[in-house]
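Trainee: I am new to this structure. Can we go through the terms and see what earns each label?

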Amino acid sequence: MEFCIFANGTNINFTMPDLQLDFPQSDVDTLKDYVQKHGVRRKLRRGERLVAEGEDTGKIFFIRSGSFKCVRGDSRGRERVLALMFEGDLVANYLTARCGVPSMFNVVAMEESEGYELGIKEHTGFFERRVGDAVYVHGFVEALAYSHLSKALSLSCLSPWERLAELRNKIPDIFTRVNMQDVANYIGVSPAILSRRLAEVL
């Protein structure tokens, strides 16, 4: 079983087959099942915030229906869409609870949405175990970190049209559900350029 250990500010990945900490299966499906079983069902209106920049409450939210955008203002005060999330996805604000740092972004519903919300601090025992001065975290915490890294790489390495193709492959009806301006912001082009591109391929 693979864990990430946080000790004296150092992160180390390694395998410990003989350490028995009574963890359930370390995969994201286990986390999704746990959040749905123990979380509080919540409905959000379009434009309502699930996570607010600067808040100090760590949470995980399983999206049962609807969609969300992860946004933050840039140096000019313009909104930048960092990620789009849809039904079946997890929205995690793990570091706020784990490290005591405020949230660095807003998460806003793009349409009427519903899901299950779980406070991380109230369920710390499910996410991690302490052994002496070390803290061992569940394997799915690393899976969440990998998901965030993948989104960051997509922002930096894929072209706008590659990102659009990736998004439409996941959500074929994206433009009937989400504002075109949000999609354009996410892939990194203006709404006018996106509109022309769509007209060319139709």
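Mentor: Start with a cap. This is a predicted model. Asn179 caps the N-terminal end of H7, with a side-chain oxygen 2.7 Å from the backbone nitrogen of Gln181.

Trainee: What makes the Asn179 and Gln181 pair a polar contact?

Mentor: The cut-off is 3.5 Å between N or O atoms. The oxygen of Asn179 lies 2.7 Å from the nitrogen of Gln181, so the distance fits.

Trainee: Which residues of helix H7 are buried?

Mentor: Asp182, Val183, Ala184, Tyr186 and Ile187. Just after H7, Gly188 has a positive phi of about 95 degrees.

Trainee: Why is Ser113 called buried?

Mentor: Buried means under 20% relative accessible area. Ser113 has 2%, so the label holds. Ser113 sits in strand E10. A polar atom of its side chain lies 3.1 Å from the backbone nitrogen of Ser67.

Trainee: How do you know that Arg41 and Glu114 form a salt bridge?

Mentor: The limit is 4 Å from nitrogen to carboxyl oxygen. Their side chains meet at 2.3 Å, N to O, so the pair qualifies. Arg41 is in strand E3 and Glu114 in strand E10, 73 residues apart.

Trainee: Why is Arg41 called partly exposed, and Glu114 buried?

Mentor: Partly exposed runs between 20% and 50%. Arg41 has 46%, so it falls there. Glu114 has 11%, so it is buried.

Trainee: What makes Lys59 and Glu55 a salt bridge?

Mentor: Their closest N and O atoms are 3.6 Å apart, so they pass the 4 Å limit. Both residues are buried.

Terms used
Residues numbered from 1 in each chain as written. Predicted model: local features only at pLDDT ≥ 70, side-chain atom pairs only at ≥ 80, totals over all residues. Heavy atoms only, no water. Helix = DSSP H or I, 4+ residues; strand = E, 2+ residues; numbered from the N terminus. Buried < 20%, exposed > 50% of the residue type's maximum accessible area, 1.4 Å probe, protein only. Polar contact = N/O pair within 3.5 Å; in protein donor to acceptor, adjacent residues only side chain to side chain.
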